[in-house]
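Subject: Structure for you to look at

Hello,

Here is the structure I said I would pass on. My notes on it follow below.

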Amino acid sequence: MRRKILEALAMLSMASCSTIDMFEPVGTLGTGLSRNTVLVSKNGRKEHGDPGGGNGAGFRKDTALYISVLEFPKSYDWRKDSAYLRSGAEVVLYRNGERVLKLPTGPADDIGTGADMHHIVEGHLVTEYFGSHGTVVKLDGKEVFRSSQPEVLRGLMMDGEELVSLTQKRDGKGFVYRKGKTVLMERSNGELIGSLGDDTYFASGALAMDNRSICFAYRLPDGAVFVEDGNEKAVACNGDLIDIRRIEGNHCILEREGDHLRFSVGDRSRAIGSSYNMIRNGCHISVIGDEPAALCLLDNRYGSSTTEVQMVDRAVRILMGIHTIVPCDGGFGYVSHDPSSRIEITGNKGNASRNEGAYLWMGAKACCSIGGQIIVGATPYSTGGFPEVIRDGKKESLEVNGFVTGVSCVINHPS
């Protein structure tokens, strides 16, 4: 992710331009909640006493919107200098526009500054760090586990108050599956299928829940293994496996066969894109409405790209160009991003908003859907430009010197 940021920055002029106006006071984000409704819990996190408040917000009453930002001292120009570990940067978590958590970064605090090293998981902030003394993973600033070996997080999920995690060993040889600090499974070989924030809609990355079972899969040189609640089962594949999920009890497989893809759901399958000769990173399985879907980024032999939503029995949508597909409200919308000119957001009913200007956007991990709305967190490249939350064609600013790294929502169903 750091490399992507630097490459995008290098493409753009750093000439300053005026900042945008805020549509609402910072800290409300349309929720109607005032600052005096914020409480401090025993673990130091601030929580709203009423997650609902406010009319006209466009959110369900019980919805909380979380945003993570990497914030720097006011005098630091993060657009020009990438030595973030020595910058005094902090990771900040917002809930409905209010700061609920702020953590210092760097070796002394065992928290990395890379945007791909902190994650929003069901309203919690998970951070990771890798240094000379090993790997450290924290939940809301408190250490969950420490490992002497180099590992990178690939899957995250909360089980009550405990963090369930999957880490890939950085040499690619094996993985570790944990609940809290307890190792449930460790293998010396095998590559996990799925990751965190790599344009994969499942916010839990390589982990997924199906019928109350926690599932994941990994590749071996001679095939793949599917794991359900710790029980392993070999998976038969005809081609090069790209993704595998279990959805409503059905095993769903996306694999490459020669010059095309094959998408299988249970005992049904269909070939996809036989005219294509390149499959981009990012093809994966998701859910559109209540059906499994293959979301595919493809390059054809004529030099153009398409983004496709494919069911096992039909093509749902083929879009020219490269887009991030966002399932929402029984259908899907999408986000297209040209770093040098604009972000365009299209909801599931075809309503589109075009946001002009050069933006830094972290991809699927920096957007979410609430009903039929797609909400995007992005940051203007212009000097002095504040991070923005974009929804319904409106922009709301966070007055911080830094950039948005993640956006997530949690629907707290009342008991």
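Lys365 is buried (under 20% relative accessible area, 1.4 Å probe, protein chains only) yet has no salt bridge (a side-chain nitrogen of Lys or Arg within 4 Å of a carboxyl oxygen of Asp or Glu). The nearest side chain of opposite charge, Asp116, is 6.8 Å away; Lys and Arg count as positive, Asp and Glu as negative, and His and the chain ends are not counted. This is a predicted model: local features need pLDDT of at least 70, side-chain atom pairs count only at pLDDT 80 or more, and totals for chains, interfaces and linings use all residues. Residues are numbered from 1 along each chain as its sequence is written, and side-chain values use heavy atoms, with hydrogens and water left out.

What does the side chain of Lys365 reach? It comes to the backbone oxygen of His118, at 3.1 Å. Beyond four places in sequence, the contacts of Lys365 (heavy atoms within 4.5 Å) include Asp116, His119 and Thr405.

There is also a cluster of rings: Phe72, Tyr76, Trp78 and Phe403 are linked by ring pairs (centres within 6.5 Å; planes under 30 degrees apart are stacked, over 60 edge-to-face, the rest tilted). Phe72 and Tyr76 are stacked, at 5.2 Å centre to centre and 25° between the planes. Trp78 and Phe403 form a tilted pair, with centres 4.9 Å apart and planes at 55°. Phe72 counts as buried at 4% relative accessibility, Tyr76 at 13%, and Phe403 at 1%. Trp78 is buried too, with a relative accessible area of 1%.

Regards

Notes
Buried means under 20% relative accessible area, exposed over 50%, partly exposed in between (1.4 Å probe, protein chains only). A polar contact is a pair of N or O atoms within 3.5 Å; within protein, one must be able to donate a hydrogen and the other to accept it, and residues adjacent in sequence count only if both atoms are side-chain atoms. Rings of Phe, Tyr and Trp (its six-membered ring) pair if their centres lie within 6.5 Å; planes under 30 degrees apart count as stacked, over 60 as edge-to-face and the rest as tilted.
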